[in-house]
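Here is a short note for a colleague opening this structure for the first time. Please keep the sequence beside the model while reading.

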Amino acid sequence: MRCLFCSGTMKDTREDHQFPLSALEDVTVVDAKMRRCQSCDEYEVHYPRMLDLERALALTVAAKQGPLAPSEVRYLRRTVDSEGTELPKVLQVAPDVLARWEAGEAVMTFEQELALRLMAFNHERGPRFPLEKLARFPEGSREPLKLWLKFGPDRRWHVVPPPVKRSGSAPRRRAEGRKRGLHAA
Ligand SMILES: [Zn+2]
């Protein structure tokens, strides 16, 4: 393989390499797979599975022991809200407040930072935190949620819609259900 710039020989090498593609300031890839030109300064770096790499970064930053740096606030915000429009609504601050956090001109409260960390963590682990829905939930009485759970054929628990009420003697059907359940167990 020849260098695209000077036609010198490119040699395979492994080096620790400062990761330039992340919004984070100081990330080093250890033993990065590289090709380095033997004649000029040109080099190539191979980054496999970029999404997985970004995920590892986000989970680590979200669980950081200590306050977030402005660049880390920006990094986590991008994982949950690429545009930066929904997060200010959820945290109930003006968009320019978010910009000031990310520029290091203002500091988040503990609760705001905790919310951002949890959203980022949750985002990387599974289904997306419903930012839009929770931006402002309606006022109302503090009734507990009424939930129906079902163990699915995928052997996982699912929150399901309430069962449709059927006519007939519901109590007897419930009793039969219990009996069948017992036999199945
Ligand atoms: Zn070269």
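The points below go from the whole chain to the sheet, one helix and the core.

1. Basis. This is a predicted model, in which local features need pLDDT of at least 70, side-chain atom pairs count only at pLDDT 80 or more, and totals for chains, interfaces and linings use all residues. Residues are numbered from 1 along each chain as its sequence is written.

2. Whole chain. The protein chain has seven helices and five strands, where helices (H or I, at least four residues) and strands (E, at least two) are DSSP runs numbered from the N terminus. Their order from the N terminus is β-β-β-α-α-α-α-α-α-β-β-α. Of its 185 residues, 12% are buried, that is, with 20 or more other C-beta atoms within 10 Å of their own, C-beta atoms being placed from the backbone; exposed means 12 or fewer, and partly exposed lies in between.

3. Contacts along the chain. A contact means that two C-beta atoms, placed from the backbone, lie within 7 Å. Among contacts between residues at least 6 apart in sequence, 51% join residues at least 24 apart.

4. The sheet. Three strands form an open sheet in the order β1-β2-β3, paired antiparallel; two strands pair if DSSP finds at least two bridges between them. Strands β1 (10–18) and β3 (43–46) are at the edges with a single partner strand each, so one side of each has no neighbour in the sheet. β1 and β2 (residues 28–37) are joined by eight bridges. Threonine 13, for instance, has methionine 34 in β2 as its bridge partner.

5. Helix α1. What span should the 13 residues of α1 have at 1.5 Å a residue? The expected value is 18 Å, and the end C-alpha atoms are 18 Å apart, which agrees; the expected span is 1.5 Å times one less than the number of residues. Leu57, Ala58, Val61 and Ala62 are the buried residues of α1. They cover an arc of only 125° around the axis, which puts them on the same side of α1; the arc is that of the directions from the helix axis to the C-beta atoms. Asp52, Ala56 and Thr60 are exposed on the other side.

6. The core. The largest nonpolar core (buried Ala, Val, Leu, Ile, Met, Phe, Trp, Tyr and Cys residues joined through C-beta atoms within 7 Å) has 16 residues, of which Ala58, Val61, Leu76 and Ala120 touch the most other members. Two or more residues come from each of α1 (50–62), α2 (70–80), α3 (86–91), α4 (95–103) and α5 (110–125). Leucine 76 touches Ala58, Val61, Ala62, Leu116, Arg117 and Ala120, leaving aside residues up to four places away in sequence.
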